[in-house]
Amino acid sequence: METYNTTFSIDELFDALSSSNASAVGPDDIHYQMLKHLPSEVLNTLLSILNGIWLTGNFPSSWRQSYVVPIPKLGKDTSDPTNYRSIALTSCVCKVMERMVNNRLVWYLERNKIITPTQSGFRKGRSTTDQLVRLESFVREAFIQKQQATAIFFDLEKAYDTTWKFGILKDLYNAGLRGRLPLFIAGFLFDEGL
């Protein structure tokens with residue numbers, strides 16, 4: 001069995017909890033601070049529950065519930081509903097599980113050099129600043145060489161809503177991922193899994 005499909009360890013749970021920032025609670029009213037201060041025997045029980053979800057693929061329906069909070073966009077007419085961005089407050093327990101799965105996914109992608117070296121977003125030790133420095137270097141080099149520099153920027157409106165979910169699963173398959181990890185992601189993307 002691939003290591004990314006094995007049950008989660010207590011160290012992975014601790015890592016996911018320690019990298020969780022304070023945020024508002026979702027419908028289950030469980031806060032990160034509550035989870036971080038659980039006694040070890042309760043943390044072991046939580047780990048057992050999360051591993052049960054991982055092994056069975058039974059994605060809790062309560063994790064699909066959220067409180068949606070509309071936030072008005074600055075300087076926009078608040079009487080127009082399109083001038084709000086929404087924030088969905090979901091289960092912190094679900095987000096801990098998400099983080100554990102994501103850590104394994106990123107480990108696999110990094111280890112197998114599947115992510116292009118030029119990608120900076122959503123990677124440890126990198127940020128959008130890296131891309132700004134890269135762009136600045138590209139422009140400076142063009143000036144030095146007395147050449148032109150062309151840059152194209154895309155801002156995808158409602159990018160998450162228009163994401164091709166089957167395409168994500170296809171990409172995971174093409175990356176060599178099989179078993180629990182892609183099945184969990186499928187359960188996360190679709191109401192009934194596959």
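User: Let me start with L50. Leaving aside neighbours within four places in sequence, which residues is L50 in contact with?

Analyst: First, a caution: this is a predicted model. Now the contacts. L50 touches L13, W63, V93, M97 and M100, once neighbours within four places in sequence are set aside.

User: How do I read a list like that?

Analyst: Start with the general idea. Nonpolar side chains in soluble globular proteins tend to be buried together. Now the case here. The largest nonpolar core has 36 residues. L50 is among the members that touch the most others, together with L13, L35, W63, M97, L181 and I185.

User: Which elements give two or more residues to this core?

Analyst: They are α1 (10-18), α2 (32-36), α3, α4 (92-111), α6 (165-174) and α7.

User: And which element gives the most?

Analyst: That is α4, with 10 residues.

User: Take α6. Which of its residues are buried?

Analyst: G167, L169 and L172 are buried in α6. The buried residues of this helix pack against α4 and α7.

User: What happens to the backbone just after α6?

Analyst: Look at G176. This glycine takes a positive phi of about 95 degrees.

User: Next, aromatic rings. How many aromatic pairs does the structure hold?

Analyst: There are 8 aromatic pairs. Read each one by two values: the distance between ring centres and the angle between ring planes. Try W54 and F184. Their ring centres are 5.9 Å apart, and their planes meet at 45 degrees.

User: Why is that pair called tilted?

Analyst: Planes under 30 degrees apart count as stacked, and over 60 as edge-to-face. The angle here is 45 degrees, so the pair is tilted.

User: Where in the chain do the two rings sit?

Analyst: W54 is in helix α3 (residues 40-56), and F184 is in helix α7 (residues 180-189). They are 130 residues apart, and the pair links distant parts of the chain.

User: Is W54 buried or exposed?

Analyst: W54 is buried, at a relative accessible area of 1%. F184 also counts as buried, with 8% relative accessibility.

User: Which residues form one aromatic cluster with W54?

Analyst: F8, F59, W63, F184 and F188 join W54 in one cluster. Note W63: it is also on the list of residues that touch the most other core members.

User: Which residue lies over the face of F8?

Analyst: R104 does, at 4.0 Å from the ring centre. Look for a charged end above a ring. Y173 gives another case: the charged end of R178 sits over its ring, 3.5 Å from the centre.

User: Tell me about R104. Is R104 buried or exposed?

Analyst: R104 is buried, with a relative accessible area of 7%. This arginine lies in helix α4.

User: What does R104 touch, beyond residues up to four places away?

Analyst: R104 touches T3, Y4, N5, T6, T7, F8, E12, W54 and L181. One polar contact stands out for reading: the backbone oxygen of T6 lies 2.5 Å from a polar atom of the R104 side chain.

User: How do I read a salt bridge?

Analyst: Side chains of opposite charge can pair when their charged atoms come close. This structure holds 2 salt bridges. In one, the side chains of E12 and R104 meet at 2.8 Å, N to O. E12 lies in helix α1 and R104 in helix α4, so the bridge ties together parts that are 92 residues apart in sequence. E12 is partly exposed, at 23%.

User: Which side chains meet in the other bridge?

Analyst: R140 and E136 meet at 2.9 Å, N to O. Here is the general idea. An α-helix has 3.6 residues a turn, so residues three or four places apart point the same way. Now the case. R140 and E136 both lie in helix α5 (residues 128-144), 4 residues apart, about one turn. R140 counts as exposed, at 52% relative accessibility. E136 is partly exposed, at 39%.

User: One last residue, T56. Which backbone oxygen does its side chain reach?

Analyst: The T56 side chain reaches the backbone oxygen of G52, at 2.8 Å. A polar atom of that side chain also lies 3.2 Å from the backbone nitrogen of N58. T56 is in helix α3. Its C-alpha is separated by 8.9 Å from that of R180, 124 residues apart along the chain.

Notes:
Residues numbered from 1 in each chain as written. Predicted model: local features only at pLDDT ≥ 70, side-chain atom pairs only at ≥ 80, totals over all residues. Heavy atoms only, no water. Phe/Tyr/Trp six-rings, centres within 6.5 Å; stacked < 30°, edge-to-face > 60°. Buried < 20%, exposed > 50% of the residue type's maximum accessible area, 1.4 Å probe, protein only. Lys NZ or Arg CZ within 6 Å of the ring centre and 35° of its normal. Core = buried A, V, L, I, M, F, W, Y, C linked by side-chain atoms within 4.5 Å. Contact = heavy atoms within 4.5 Å. Salt bridge = Lys/Arg side-chain N within 4 Å of Asp/Glu carboxyl O. Polar contact = N/O pair within 3.5 Å; in protein donor to acceptor, adjacent residues only side chain to side chain.
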